[in-house]
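Let's take a walk through this structure together, one region at a time. Have the viewer open and follow along as we go.

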Amino acid sequence: MTGNQTPQITPKASFKQYCRQESETAKLAKAFAVSLEQWISQNPHAHLNISLEGDLGAGKTTFARYLIQGMGHEGRVKSPTYTLCEPYPIQKNHLSFTAHHFDLYRMRDPLEWQEAGFAEHFDVPGLCLIEWPEKAEGTLPPFDIQIQLQAGADENERSITINALSEAGKTAIDSIDIN
Ligand code: ADP
Ligand code: MG
């Protein structure tokens with residue numbers, strides 16, 4: 001991966017999975033969704049900030065899609081390439097939270113972020129999933145979890161690393177169970 005990383009912070013916990021095909025990425029995203037849901041049920045008013053990092057085509061949107069659907073969203077999850085942000089309100093098991101999915105690739109200036117009022121999405125219960133966070137450098141709150149996707153030798157291979165960068169993030173990824 002080149003030039004698409006938030007500054008290196010030593011993770012408090014880390015989970016790495018080698019996915020040979022898209023169905024394995026789907027399985028990991030689903031396991032992550034289950035772990036996140038557990039965290040949300042214990043922290044119903046809290047917010048998690050999650051970055052999705054990797055080159056174009058690495059699978060950031062694909063991972064976000066399986067994650068959002070894994071948490072209970074039943075409709076489509078489209079790429080927010082042009083809208084920059086798509087909100088997904090989710091109601092499940094007495095829980096009510098929102099996943100905001102961002103793709104900041106087309107953002108020209110970090111100021112756009114402030115002018116669009118995106119900052120307020122970081123106060124609502126739930127999570128923000130952010131592709132290309134470096135486009136809003138300096139204006140984003142710190143990340144709790146960093147997801148790195150990297151292409152493998154084969155067209156459908158990906159290596160996916162989930163790093164917890166905060167104590168909240170550590171608890172939220174704690175119960176990822178891929179089996
Ligand atoms: P990004 O958002 O990082 O630019 P996308 O998720 O839009 O990438 O595109 C990833 C593409 O790679 C999709 O067409 C997806 O079907 C394909 N793909 C193939 N194998 C995998 C895999 N193992 N995990 C994720 N995506 C995969
Ligand atoms: Mg994308």
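A good place to start is the bound molecule: a nitrogen atom of ligand 1 has a backbone N or O atom of Asn 156 at a distance of 2.9 Å. Please keep in mind that this is a predicted model, so every distance and angle below is computed from predicted coordinates.

Two further polar contacts of the ligand involve its oxygen atoms. In one of them, an N or O atom in the side chain of Glu 22 is 2.5 Å from an oxygen atom of ligand 1. In another, the partner is a backbone N or O atom of Ala 58, with 3.3 Å between it and an oxygen atom of ligand 1. How much of the accessible area of ligand 1 does the protein cover? On its own the ligand has 580 Å² of accessible area, and the protein covers 75% of that.

Now widen the view to the shell around the ligand. Two elements give two or more residues to this shell, namely helix 1 (22–42) and helix 2. Helix 2 gives the most, with three residues. In total, 14 residues surround ligand 1, and the closest are Glu 22, Thr 25, Gly 57, Lys 60 and Thr 62. By character, the shell splits into seven polar, five charged and two nonpolar residues.

Next, have a look at the second largest pocket, which has a volume of about 170 Å³. Its lining is made up of 14 residues, and those closest to the pocket centre are Leu 56, Gly 57, Lys 60, Thr 61 and Glu 131. Gly 57 and Lys 60 may sound familiar, as they are also listed among the closest residues to ligand 1. Which element gives the most to the lining of this pocket? That is helix 2 (residues 60–70), with three residues. The lining divides into six polar, four nonpolar and four charged residues.

Since helix 2 keeps coming up, let's follow the chain into it and out again. Gly 59 sits in the loop between strand 2 (47–53) and helix 2. Is Gly 59 buried or exposed? It counts as buried because its relative accessibility is 14%, and the cut-off for buried is under 20%. Although Gly 59 and Glu 22 are 37 residues apart along the chain, their C-alpha atoms are separated by 9.0 Å. Within helix 2 itself, the buried residues are Lys 60, Thr 61, Phe 63, Ala 64, Leu 67, Ile 68 and Gly 70. A helix pattern is handy to recall here: an α-helix has 3.6 residues a turn, so residues three or four places apart point the same way. After helix 2 comes Gly 72, with a positive phi near 125°.

The loop between helix 2 and strand 3 is worth a pause, and His 73 is found there. His 73 is buried because its relative accessible area is 18%. Its side chain makes contact with two backbone oxygens: that of Arg 76 at 3.0 Å and that of Gly 75 at 3.4 Å.

Leu 84 also lies in the loop between helix 2 and strand 3 (85–92). Most residues other than glycine have a negative phi. Leu 84, however, is not a glycine and has a positive phi of about 70°. With a relative accessible area of 10%, Leu 84 is buried. Trp 132 is another case, with a positive phi near 55° in a residue other than glycine. You will find Trp 132 in the loop between strand 5 (126–131) and strand 6 (145–151), and it is buried with a relative accessible area of 10%.

Let's finish among the strands. Asn 49 is in strand 2 and is buried, with a relative accessible area of 2%. A polar atom of the Asn 49 side chain is 3.1 Å from the backbone oxygen of Pro 142. Over in strand 1 (residues 13–19) you will meet Tyr 18, which counts as partly exposed because its relative accessibility is 46%. Its C-alpha atom is separated by 24 Å from that of Gln 38, with the two residues 20 apart along the chain.

How values were computed. Residues are numbered from 1 along each chain as its sequence is written. Chains are lettered from A and ligands numbered from 1 in the order in which they are written. This is a predicted model: local features need pLDDT of at least 70, side-chain atom pairs count only at pLDDT 80 or more; totals for chains, interfaces and linings use all residues. Side-chain values use heavy atoms; hydrogens and water are left out. On a 1 Å grid over the protein atoms alone, a cavity is a set of points where a 1.4 Å probe fits but cannot get out, and a pocket is an open set with protein on both sides within 12 Å along at least five of seven lines; lining residues have an atom within 4 Å of a point. Grid points are joined across faces, edges and corners, and a volume is the space filled by probe spheres set on the points. Helices (H or I, at least four residues) and strands (E, at least two) are DSSP runs, numbered from the N terminus. Ala, Val, Leu, Ile, Met, Phe, Trp, Tyr, Cys and Pro count as nonpolar, Asp, Glu, Lys and Arg as charged, and the others, Gly among them, as polar. A residue is near a molecule or strand if one of its heavy atoms lies within 4 Å of it. A polar contact is a pair of N or O atoms within 3.5 Å; within protein, one must be able to donate a hydrogen and the other to accept it, and residues adjacent in sequence count only if both atoms are side-chain atoms. Accessible areas come from the Shrake-Rupley method with a 1.4 Å probe; for residues, only the protein chains shown count as cover. Buried means under 20% relative accessible area, exposed over 50%, partly exposed in between (1.4 Å probe, protein chains only).
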